[in-house]
Amino acid sequence: MRRSLFTKLISAYFIIIVISYSLVAVFLSYWFYRYYYNQKTSSLIREGYILNKTINDYLSRKISKEKLLNQIRVMDELSNARIWVVDKYGFLYAYSSNEMKEFMGKQITDREIHEVISGNIIVKSGSFKQIFSKPMLTVGIPIYVGDQVQSALFLHTPLIELKNTLKTVYFVIWMSAFFAIFISAIIIYYFSERILIRPLNKINNTAKSIAKGEFDKRVEIISDDEIGDLATSFNYMADSLQNLENMRRSFIANISHELRSPMTSINGFITGIIDGTIPQEKWTYYLNIVHDEIKRLMRLINDILDLARLESGEFSINIGVFDLNELIRQRVIKFEEKINKKKIDVSVKLIDKKLKVKGDRDRIDQVLTNLIDNAIKFVKDEGIIEIKTEIKGNKVVVHIYNNGPAIPKEEINYIWDRFHKVDKARQKGAGYGLGLSIVRQIINQHGETVWVESGDFGTRFSFTLTLV
């Protein structure tokens with residue numbers, strides 16, 4: 001069974017929250033235990049020092065044993081601690097609880113007793129196996145007379161009482177952790193559903209609609225985060241797809257017309273020659289027309305094939321060294337007839353007589369041909385075309401400018417797309433919308449850059465090549 005992204009996110013968040021709050025609860029429980037343990041230990045030590053003076057008075061014969069025992073019993077009731085005292089040989093001679101009665105006057109040989117008699121204060125959690133079977137918190141304090149240890153005082157409190165006291169604290173901590181986990185889970189569920197899952201579902205549903213051909217669908221998400229950026233990018237992609245689909249339909253319609261017109265002319269002229277409708281003396285004239293139509297068809301087919309090969313990576317680029325200036329001069333001469341026909345003022349400004357660059361000469365020739373042809377098509381009669389080169393670092397930049405109508409701003413992002421034509425009213429004789437796409441593909445395969453600038457004073461196409 002496929003798990004949704006929402007389920008995965010909620011599961012991950014829930015696990016993280018449970019682990020985090022559990023660690024906090026464990027830490028707080030341990031901290032409170034240690035805090036209360038240390039507080040109880042300090043309390044027992046303070047009580048031990050209070051009894052220290054009473055025991056000293058007894059050992060110095062200032063008070064009776066009965067008064068000593070009464071003082072020990074009172075301290076037992078106040079602190080809930082079992083108290084007993086042994087001499088420096090380990091013999092028990094005073095206690096606060098009757099459970100120690102059987103050990104009265106007997107020697108107790110636990111290691112802790114010897115340690116206290118040696119002059120050390122001890123704190124121990126456990127049990128004196130000879131006396132207590134249940135775990136106890138024990139504090140042992142040496143009793144000095146002069147500078148000699150004469151006795152050892154022990155105070156014992158049951159650890160079970162310490163734990164019982166902390167049960168309420170533990171309950172509050174763990175219930176707080178439980179409610180914190182529960183509330184956090186609800187908040188995460190709500191915000192994950194609203195901020196992440198719903199927008200992603202919208203994008204997913206819109207993507208499915210676009211996949212079915214509904215290119216007018218868009219994602220309506222407004223947010224200043226990554227989801228909002230994703231929605232904006234998705235809508236931009238949808239705009240591009242819709243534009244591409246419109247161009248494809250337009251291209252098919254245009255290509256159908258462009259193919260049908262010359263094919264109809266060719267078929268009509270050939271049929272007329274075959275059936276004798278066209279007299280023999282007119283054959284050469286009409287065959288030249290047929291020849292021109294065939295060349296136009298071949299250019300269209302070659303452009304489509306070149307673009308297909310470029311985009312599929314099957315178009316080979318043979319990098320070599322050639323004179324860019326010479327190539328530009330040749331291309332300008334090639335268009336001399338068209339230039340003179342429209343009475344265009346062409347200005348060619350080239351750096352140096354020779355300018356050696358790296359690239360595929362034939363493909364750069366194709367780039368120059370497309371860009372110059374494009375400039376001639378869209379410049380008005382008696383207009384201006386300027387071709388110039390300039391050096392920037394290790395690059396040479398080629399600029400081809402014409403003072404024809406500017407490219408609308410909304411079209412700039414699409415002029416490199418295949419099948420795209422900027423001016424629908426000028427489609428006739430303006431090509432098939434493949435030239436600029438071929439230019440970009442060739443320049444990209446050279447690892448160079450091509451761009452366009454268009455404003456109130458014309459349009460300039462530029463591209464770079466690497467100097468030798």
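Here is a short walk through the structure, from its cores to one helix and one loop residue. This is a predicted model, in which local features need pLDDT of at least 70 and side-chain atom pairs count only at pLDDT 80 or more, while totals for chains, interfaces and linings use all residues. Residues are numbered from 1 along each chain as its sequence is written, and side-chain values use heavy atoms, with hydrogens and water left out.

Let's start inside. A nonpolar core is a set of buried Ala, Val, Leu, Ile, Met, Phe, Trp, Tyr and Cys residues joined through side-chain atoms within 4.5 Å; buried means under 20% relative accessible area, exposed over 50% and partly exposed in between, with a 1.4 Å probe and protein chains only. The largest such core has 37 residues, and Leu324, Leu368 and Phe463 touch the most other members. Helix α9 (361–378) is among the elements that each supply at least two residues, and α9 gives the most, seven. Helices (H or I, at least four residues) and strands (E, at least two) are DSSP runs, numbered from the N terminus. A second, separate core of 24 residues includes Leu44, Leu68, Ala81 and Ile141.

Now look at α7 (324–334). Its buried residues are Leu324, Asn325, Leu327, Ile328, Arg331 and Val332. They line one face of the helix, because seen down its axis they fall within an arc of 160°, taken from the directions from the helix axis to the C-beta atoms. The face turned away carries the exposed residues Ile333 and Lys334.

Finally, visit Lys88, in the loop between β1 (82–87) and β2 (92–95). Lys88 counts as partly exposed, at 35% relative accessibility.
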